[in-house]
Amino acid sequence: MQNKFQTPDFVHKRGPVLSPDMVPYESALTFNAGIARWNDSYVMLFRNDYGFCAKDFDDFYAGISDNTVPSTNMGLAFSRDGVKWEIMPEPAFAMKQKGISRVYDPRITIMEDGEIIICFAVEGCGTRGGIAVTRDFKSFDVKSISVPDNRNMVVFPEKINGEYVRLERPFLTNSKYHPVWLSRSPDLVYWGKSERVLGRLPYANSKLGPGAPPVKTPHGWLTLIHGVSEMEENYCAWERNWNRCYYAGVMLLDLEDPAKILALADRPLLVPEEKYELEGFRGGVIFPGGAVAESDGTLKIYYGAADTVECLAEAKIDDLVEFCFANNALAEK
Ligand code: BMA
């Protein structure tokens, strides 16, 4: 599939770091992970879909099976270098409760004082956004679950003006352009003072959403997002007629007033180009969920690829900031 965009040269794709064959329990797809630096290692919560396989889709289209909806739990993994991962023997989190069919797409924020905040999507009574805290990645204290329909929540790693701040992506009725919003909370339970942040992306003709928890730079909060475009051709996917391209994008938000965008790159940061991004459960999907700033100025960008594997790309933070300002969609022309 030809894409009119390409990943800029300053981004170095390092390929998959996690795949289903590495998981010591049932696993069909491992993707859309939340990743952060914790103590002196890296920690990952990943989405683990299980209970179906590619052949189930062939059977489904042949009319002999309807096993196309997975079960999902969240796996836990640790790494010394952010590249080689050791997966814990049991899934970490599943939240099987009445009315909730699954939780997925975790994001991890480590606050300045060490508090660990997990955001996740919840299916059940529509789509909802959940927030939990943990001390050890073994037990999770769920603080709030939003009303439907909302997801893709990420919490900023610092309180701003004394409050927790999150980005989120509610669904609009009667529109496919679901915008990014921001809400504030004194306690992770009650959320309000909501403001709209971003409505449309110049490179995507459908929905968008926050990606990883924002990273503080002297120039603003460096914030990864995803943007979706409906394409003319289908991608190679278990699910047939899958024609949506998911790009990763980037923007800079004001440090004091993060509802204000300082610069929004007018082109994508990561474009599906490699086989592991183009083919899988849903080919053409790049879905960023983790961003880790290294002391040498590199940003490790983690993303789900083709809803099948978890990948790593690296770029210098300075180049990312420059990319936003040099191609700023909001600059006066
Ligand atoms: C979105 C979410 C993501 C997924 C993406 C592409 O709507 O469900 O979890 O990665 O679609 O399938």
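**A walk from the ligand outwards**

The ligand is surrounded by Asn 32, Arg 47, Asp 105, Arg 151, Lys 207, Trp 242, Tyr 246, Arg 282, Val 285, Phe 287 and Asp 307. Keep in mind as we go that this is a predicted model. Three of these residues are good places to start. Asp 105 places a polar side-chain atom 2.6 Å from an oxygen atom of the ligand. For Arg 151, an N or O atom of the side chain is 2.7 Å from a ligand oxygen, and Arg 282 likewise has a side-chain N or O atom 2.7 Å from an oxygen atom of the ligand.

From Asp 105, let us step along to Arg 107, which sits in strand S6 (residues 102-110). Arg 107 is buried but has no salt bridge; Asp 105 is the nearest side chain of opposite charge, at 5.6 Å. A salt bridge needs the nitrogen and the carboxyl oxygen within 4 Å. What the side chain of Arg 107 does reach is the backbone oxygen of Pro 210, at 3.5 Å.

Now for the nonpolar interior. The largest nonpolar core has 32 residues, and those with the most contacts inside it are Phe 156, Leu 167, Val 197, Leu 198, Leu 201, Met 251 and Leu 253. Strands S11, S12, S13, S16, S18 and S19 each supply at least two of its residues, and S18 gives the most, with five. Met 251 shows how such a residue is surrounded: beyond its neighbours within four places in sequence, its contacts include Val 197, Leu 198, Trp 221, Ile 225, Ile 261 and Cys 324. Cys 324 itself belongs to a second, separate core of 27 residues, which also includes Leu 224, Ala 265 and Phe 323.

Charged pairs are the last stop. Side chains of opposite charge can pair when their charged atoms come close. The whole structure holds 21 salt bridges. In one of them, Glu 273 meets Lys 13 at 2.8 Å, N to O. Glu 273 lies in the loop between S19 and helix H2 and Lys 13 in strand S1, so this pair ties together parts that are 260 residues apart in sequence. Lys 13 is buried, at 17% relative accessible area, whereas Glu 273 is partly exposed at 31%.

Another salt bridge joins Asp 296 and Lys 316, with the closest N and O atoms 3.7 Å apart. Because Asp 296 lies in the loop between strands S21 and S22 and Lys 316 in strand S23, the pair links parts 20 residues apart in sequence. Here Asp 296 is exposed, at 52%, and Lys 316 is partly exposed, at 36%. Finally, salt bridges with shared partners join Arg 14, Arg 37, Glu 294, Lys 300 and Glu 314 into one network.

Conventions: Residues numbered from 1 in each chain as written. Predicted model: local features only at pLDDT ≥ 70, side-chain atom pairs only at ≥ 80, totals over all residues. Heavy atoms only, no water. Helix = DSSP H or I, 4+ residues; strand = E, 2+ residues; numbered from the N terminus. Buried < 20%, exposed > 50% of the residue type's maximum accessible area, 1.4 Å probe, protein only. Lys, Arg positive; Asp, Glu negative; His and termini not counted. Polar contact = N/O pair within 3.5 Å; in protein donor to acceptor, adjacent residues only side chain to side chain. Core = buried A, V, L, I, M, F, W, Y, C linked by side-chain atoms within 4.5 Å. Contact = heavy atoms within 4.5 Å. Near = heavy atom within 4 Å.
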